[in-house]
Amino acid sequence: MSARTLPRSIRTTLLLSLAVLPLTGCVTDKLAAIGQTPALSGIEDPSRNPNYRPVRLPMPEAPVQERQANSLWRSGARAFFKDQRAARVGDIMTVTIQINDRAQMQNNTSRTRDGSDSIGIPNLFGLEASTNNILPNTVNPSTLVSATGTTNSAGTGQIQRQEQINLQVAALIVQVLPNGNMVVNGKQEVRVNNEVRELTLTGIIRPEDITSANTISYEKIAEARISYGGRGNLTDVQTPRWGQQVLEAISPF
């Protein structure tokens, strides 16, 4: 029996089942999580993440380290004693994030345009007298075409934005580039009641930007990627249902 020979009600049920099948996993997970607090993620090696890609940038050749015999001073050292700041893969440092951005823009646009065009053929090799044989007798060859137009447009736009974030996160050095710069990756999860707040950070830093307290400010991180969000009951309430998201994605209006 082919699909075309099945009753219409059975075919409709099969189509609905196939459409809902990918969503059953999400629904099952939500039902299993009823009454449970959001689970925290396990500690993982960032370099083993399938989406992890080592950073490759144009780099100069690594300098040759010269060692002085019978000397306690190390070439390239910043102090006489050992530097306790993060410098190798696996070392930990603190990143301070203090974002206080404000932006305000206002644009007004107004445009007016008037136009008038008139086209006639008073003389055309003597053929202008024969236009009455083709066109009505009331047509004047000197004013065959006349057009006027007026265009008015006005626009107003205004943007007001204010963002403020004050956080600290411990980041792990995951890669040391040939020129000495380091790639850092940090992740922090905090669970408060039934809501988990997540902070992730990655970027490239210079060793000389690390303070003596083994900290660095976020504005000194190149290619910084900072994400702060959450998951849990509050996030679920603020997130549109999947049906609404589907309608918004496919609706042309």
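## Confidence, salt bridges and a nonpolar patch

The chain averages a pLDDT of 76, and 66% of the residues score at least 70, figures that matter for a reader here since this is a predicted model. Within the chain, confidence is lowest in helix α1 (residues 8-32), where the mean is 61, whereas strand β5 (residues 215-217) has the highest value, at 93.

### Charged side chains

The count of salt bridges in this model comes to eight. Three of the pairs are set out below, each with the distance between the nitrogen and oxygen atoms of the two side chains.

| Salt bridge | N to O distance |
|---|---|
| Arg48 and Asp45 | 3.8 Å |
| Glu208 and Arg206 | 3.7 Å |
| Arg206 and Asp209 | 3.0 Å |

How exposed are the two partners Arg48 and Asp45? Arg48 counts as exposed because its relative accessibility is 71%, and the cut-off for that class is over 50%. Its partner Asp45 has a relative accessibility of 38% and therefore counts as partly exposed.

Arg206 appears in two rows of the table, since its side chain forms a salt bridge with Glu208 and also meets the side chain of Asp209 in another. Glu208 is partly exposed, with a relative accessible area of 47%, and Arg206 is likewise partly exposed, with a value of 40%. Is Asp209, the other partner of Arg206, buried or exposed? Asp209 has a relative accessibility of 12% and so counts as buried, because that class takes in residues under 20%. Elsewhere among the charged residues, salt bridges that share partners join Lys187, Glu189, Glu198 and Arg231 into one network.

### A nonpolar patch on the surface

Which residues make the nonpolar surface patch of about 460 Å²? The patch is made by Trp242, Val246, Leu247 and Ile250. One of these residues, Leu247, lies in helix α3, which covers residues 242-250. Leu247 is classed as exposed because its relative accessible area is 55%, and a residue must have over 30% relative accessible area to be part of such a patch, so Leu247 meets that condition with its 55%.

Notes: Residues are numbered from 1 along each chain as its sequence is written. This is a predicted model: local features need pLDDT of at least 70, side-chain atom pairs count only at pLDDT 80 or more; totals for chains, interfaces and linings use all residues. Side-chain values use heavy atoms; hydrogens and water are left out. Patches are made of residues with over 30% relative accessible area and no salt bridge: like charges are joined within 9 Å, nonpolar side chains (Val, Leu, Ile, Met, Phe, Trp, Tyr) within 5 Å. Accessible areas come from the Shrake-Rupley method with a 1.4 Å probe; for residues, only the protein chains shown count as cover. A salt bridge is a side-chain nitrogen of Lys or Arg within 4 Å of a carboxyl oxygen of Asp or Glu. Helices (H or I, at least four residues) and strands (E, at least two) are DSSP runs, numbered from the N terminus. Buried means under 20% relative accessible area, exposed over 50%, partly exposed in between (1.4 Å probe, protein chains only). pLDDT is the predictor's confidence in each residue, from 0 to 100.
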